[in-house]
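Hi everyone, thanks for coming. Today I'd like to walk you through a structure that is probably new to most of you, so let's bring it up on the screen.

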Amino acid sequence: MAVKAQVLYDFSAEPGNNELTVKEGETITITNQHIGGGWIEAQNSKGEVGLVPEDYIEFGKSAPSFPGATSTAAPTPSVGNAASTDLAFFDSYAPTSAPAHNQASNGNDPWSVWNADPSRGSSNNWASNPEGTQTGKSAAGDPWGSVSQGHPQAYQGPGAEDDEWDDEWDDIKSTGGYAESEAGEGGALQRGGPHASSMKISLNKFPGFSKSGPELYLLCKQVAKSKDKLAIYLGEVGPVWSYPDTQLDCVVADPKKGSKMYGLKSYIEYQITASTTNRPVNHRYKHFDWLYERLLDKFGSAIPIPSLPDKQVTGRFEEEFIKMRMERLQGWMSRMCRHPVISGSEVFQLFLTYKDEKDWKTGKRKAEKDETVGVMIFTTIEPEAPDLDPVEVEQKCEQFSRFTKAMDDGVKEILTVGNEHWKRCTGPLPKEYQRIGKAFQNLSSVFTSSGYQGESTLTDAMTAAGKTYEEIAQMVAEQPKKDLHFVMETNNEYKGLLGCFPDTIGVHKAAIDKVKEGDKLVATSKITPQDKVTMAKRVSTMSYTLQAEMNHFHSNRIYDYNRVMQLYLEEQVKFYETIAAKLRQAHGQFTTM
């Protein structure tokens, strides 16, 4: 006997994925309840058969009604035993209309702590939005239970056979201290709201951001092992990290479409090749997301970790989107490779150089059990310089806060202006040139009808001038992709990076405030006089860390903006020189009597 079910929420099928579009209130017939992965096979009243998320239906009951509600929020479809918590996740299969659970309840600018300045919305289309991409991310729990169909010469990626990935992520999800509307995966609060570019810092997953705050480090007894020490030196520009002799690099390339669940589900896998091994490994987007979470947990309180490029469900296999995502993943990986601390970390090296499944599993578990995370990362840092005065520490912190906020405003202005220019270049401006070209050619047709001998030279020149302006119109429409694109991508990348600084600087400000309370804490016997001295010394270490990070940031900023502005202006020069040459050619066809 056929089993009937009531649809609780709208679900839009992804083309090519054997899914079935259903509407709230619709009755469907279940044809196969044993598909697995949180999906069932069903048939609608039209006889169409496809996959539907199991959480979107109710067997043998009508959909519940909610008095006063104008719409029903759909839960995220579960995949296997782990529920996907980000509907924009590249490999999830939830309808695009359902809300992402990892979005915070407010949409304020991440800098609102110091200056109330709501950030604008964002998308990944420069022609439709000035702010670039939505960059807040969370990890998802999509299972790894399929054999990857990637490159035969490369290891097929972690989890190509069997893995405990989903169970581990389920455990993380159950430990949150925030309401689901405010917290993402693992109880992580998305700072700055759904459209901000700030880091997602876990408030319960590691001790550095627990209720005890930075004092966990300021008063801790833990001492890092010597091999884990991170040195800071005094260079010409001030405190700097210890840089390797050879800079690590990697290439993200050759995206391939793979499948799982006997071909019912598809995903994109990228090939990553490190300069140190020249040996390719394969990773899906979810693996990049896992790396981001690990780096954020371990280094996020000391080093700004920019979020990954945008996740997308609809149209995720379209060629242009795959190309754009690969370009942005390359930019993210290149920035991580350029950081001396990140690039040398075990978890980053694991991601780039694991040899086989066993190597990956061992390294993954080790990274996830790492206890030197959050503010405890400062226990590994050893500045080779005298301790700073607390007043100087506070001044440095305020200086960096002002600069990064000002640059954040400047970057957003460029994105806004660039967006407006992009839309003008691809819309009204080419049309204006086309109209000019058509007008010249129409007038040439009128001149031709005059019957006057000797007219042909003028009419031919007029027609050529009209066609020249039509060619210019085409050039204008195509030019942003050749130059403005790179300016927009660079500034969008820095917008994401700058959005991380409020959280990082906030850790330092909280530590400074705690040291200011030192006398009061000693007087109330909450700490000893020696504890107060230790706190001041450790805040000095945090300040050196912040200064080293800012000097790294400035060095990269100068390099990046020099490079992108040179490229932009070179392309602009070529563009206008080509236009000038075309106009000179058109000009030469006219004669004077």
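Let's begin with a charge and a ring: R538 lies over the face of Y217, 5.6 Å from the ring centre. Please keep in mind that this is a predicted model. There is another example to look at: K298 sits over the face of F299, with 5.8 Å to the ring centre.

Now for rings that meet other rings. Searching the whole structure turns up 13 aromatic pairs. How do Y433 and Y469 pair up? Their ring centres are 6.2 Å apart and their planes meet at 20 degrees, which is under the 30-degree limit, so this pair counts as stacked. The pair also links distant parts of the chain, since Y433 belongs to helix α9 (residues 428-448) and Y469 to helix α10 (residues 456-478), 36 residues apart. As for the surface, Y433 is partly exposed, at 25% relative accessibility, and Y469 is partly exposed too, at 22%. Elsewhere, ring pairs join Y9, F11, W39 and Y56 into a cluster.

Finally, the empty spaces. The whole structure holds five cavities of 30 Å³ or more, and the largest has a volume of about 130 Å³. Its lining is made of 13 residues, and those closest to the centre are R335, H339, L497, E549 and H552. Which helix gives the most to that lining? It's α14, with four residues. Helices α4 (319-338), α11 (484-498) and α14 (529-587) each supply at least two. By type, the lining residues of this largest cavity are eight nonpolar, three polar and two charged.

Thanks for listening!

Notes: Residues numbered from 1 in each chain as written. Predicted model: local features only at pLDDT ≥ 70, side-chain atom pairs only at ≥ 80, totals over all residues. Heavy atoms only, no water. Phe/Tyr/Trp six-rings, centres within 6.5 Å; stacked < 30°, edge-to-face > 60°. Buried < 20%, exposed > 50% of the residue type's maximum accessible area, 1.4 Å probe, protein only. Lys NZ or Arg CZ within 6 Å of the ring centre and 35° of its normal. 1 Å grid on protein atoms, 1.4 Å probe; cavity = no way out; pocket = protein on both sides within 12 Å on 5 of 7 lines; lining within 4 Å. Points joined across faces, edges and corners; volume = space filled by probe spheres on them. Nonpolar A, V, L, I, M, F, W, Y, C, P; charged D, E, K, R; others polar.
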